[in-house]
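Hi,

Here is the structure I promised to pass on. Could you have a look at it when you get a moment, and keep my notes below open beside it?

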Amino acid sequence: ADYFVAPNGNDQASGTSESRPFQTVRRAVTAASQPGDTVWFRGGVYAADSTWNNQLTFLYSGTPEAPITFRNYPGELPILDGAALYADGASGVEPVDPATQPVEHIRVIGIVSRNWGTSGFSNGWPENVPNLASSNLQFINCIADGNGVNGFSFAGASNVRIQNSIAAHNG
């Protein structure tokens with residue numbers, strides 16, 4: 001299935017059409033639960049707040065033939081901005097709570113992750129309880145900018161592909 005999210009959307013909407021997008025990243029991630037699902041991010045800033053609803057937290061796995069994809073809408077630039085949570089040391093894209101297990105076969109395309117306290121893009125850490133260090137991840141045409149420690153960080157992961165992406169002004 002295809003799902004849509006936009007900063008001016010509504011989490012009570014169906015999210016299944018461009019004209020009725022979800023508003024928060026968390027709502028879109030929750031909907032995209034099956035291999036082959038795609039979440040289309042409309043352009044604009046998805047600002048972090050105390051609810052953590054605009055952190056891209058992987059919850060479900062795809063398959064090698066049908067990854068779950070989180071990507072920009074053609075010609076638009078979605079920005080996950082963690083400035084409000086910077087002091088909490090969060091990452092913009094990372095499998096953390098409410099995730100309960102590592103995931104795999106995820107693609108992220110054309111998304112910016114900026115101003116997060118730790119990493120822009122991460123797979124979790126093997127020391128987390130539970131261990132959420134996910135593998136078989138792809139990051140294509142992504143930008144990590146102004147994050148506190150790393151742009152892209154993958155401890156304990158295997159099969160991570162970073163292609164045509166930029167990491168600048170991190171750590």
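Below is what I found, going from the sheets to single residues.

One thing before you start: this is a predicted model.

**The two sheets**

Start with the sheet that runs E1-E2-E4-E6-E9-E12, an open one of 6 strands with parallel pairing. Its edges are strand E1 (2–5) and strand E12 (160–163); each has a single partner strand, so one side of each is left without a neighbour in the sheet. From one strand to the next, the twist averages 10°. If you want a spot to check the register, go to strand E6 (residues 104–109), which pairs with E9 in the parallel sense over 5 bridges. There you will see Glu104 standing opposite Ser135 in E9.

The other sheet is open too, with 5 strands in the order E3-E5-E7-E10-E13 and parallel pairing. Here E3 and strand E13 (166–168) are the edge strands, each pairing on one side only. Neighbouring strands of this sheet are turned by 15° against each other on average, ignoring direction. Strand E10 (residues 143–145) runs parallel to E13, and 3 bridges join the two. Ala144 has Ala167 as its bridge partner in E13.

**Aromatic rings**

I count 8 aromatic pairs in the model. One of them is Phe41 with Tyr46: the ring centres are 5.7 Å apart and the planes stand at 75°, so the pair is edge-to-face. Both partners are tucked away, since Phe41 counts as buried at 0% relative accessibility and Tyr46 counts as buried at 1%.

Phe139 and Phe152 make another edge-to-face pair, because their planes stand at 65°, with the ring centres 6.3 Å apart. What I like about this one is where the partners sit. Phe139 is in strand E9 (residues 135–140) and Phe152 in strand E11 (residues 150–153), so the pair ties together parts that are 13 residues apart in sequence. Phe139 is buried, with 1% relative accessibility. Ring pairs also link these two residues with others: Phe121, Phe139, Phe152 and Phe154 form a cluster.

While you are looking at rings, turn to Tyr73 as well. Arg42 lies over the face of Tyr73, at 3.8 Å from the ring centre.

**Asn54**

Which residues does Asn54 touch, not counting those up to four places away in sequence? They are Gln23, Thr24, Val25, Tyr46, Ala47, Leu80 and Trp116. So Tyr46, the buried ring from above, turns up again among the contacts of Asn54. Asn54 itself lies in the loop between strand E3 (44–47) and strand E4 (68–72). Despite being in a loop, Asn54 counts as buried, because its relative accessibility is 10% and the cut-off for buried is under 20%. The side chain of Asn54 also reaches the backbone nitrogen of Val25, at 3.0 Å.

**Val149**

Val149 lies in another loop, the one between E10 and E11. Its relative accessible area is 47%, which means that Val149 is partly exposed. Leaving aside neighbours within four places in sequence, Val149 is in contact with Gly117, Thr118, Asn170 and Gly171. Gly120 is worth displaying too: Val149 and Gly120 are 29 residues apart in sequence, with 8.6 Å between their C-alpha atoms.

**Two backbone angles to check**

Most residues other than glycine have a negative phi. With that in mind, please look at two residues. Asn136 has a positive phi, near 55°, and is not a glycine. You will find Asn136 in strand E9, the strand that also holds Phe139. His169 is not a glycine either, and has a positive phi of about 60°. Is His169 buried or exposed? At 69% relative accessibility, His169 counts as exposed, and it lies in the segment after E13.

That is my list so far. Send me your comments whenever it suits you.

Cheers

Terms used. Residues numbered from 1 in each chain as written. Predicted model: local features only at pLDDT ≥ 70, side-chain atom pairs only at ≥ 80, totals over all residues. Heavy atoms only, no water. Helix = DSSP H or I, 4+ residues; strand = E, 2+ residues; numbered from the N terminus. Buried < 20%, exposed > 50% of the residue type's maximum accessible area, 1.4 Å probe, protein only. Polar contact = N/O pair within 3.5 Å; in protein donor to acceptor, adjacent residues only side chain to side chain. Contact = heavy atoms within 4.5 Å. Pairing = 2+ DSSP bridges. Axes fitted to C-alpha atoms, helices over the stretch in contact; angles between N-to-C directions. Phe/Tyr/Trp six-rings, centres within 6.5 Å; stacked < 30°, edge-to-face > 60°. Lys NZ or Arg CZ within 6 Å of the ring centre and 35° of its normal.
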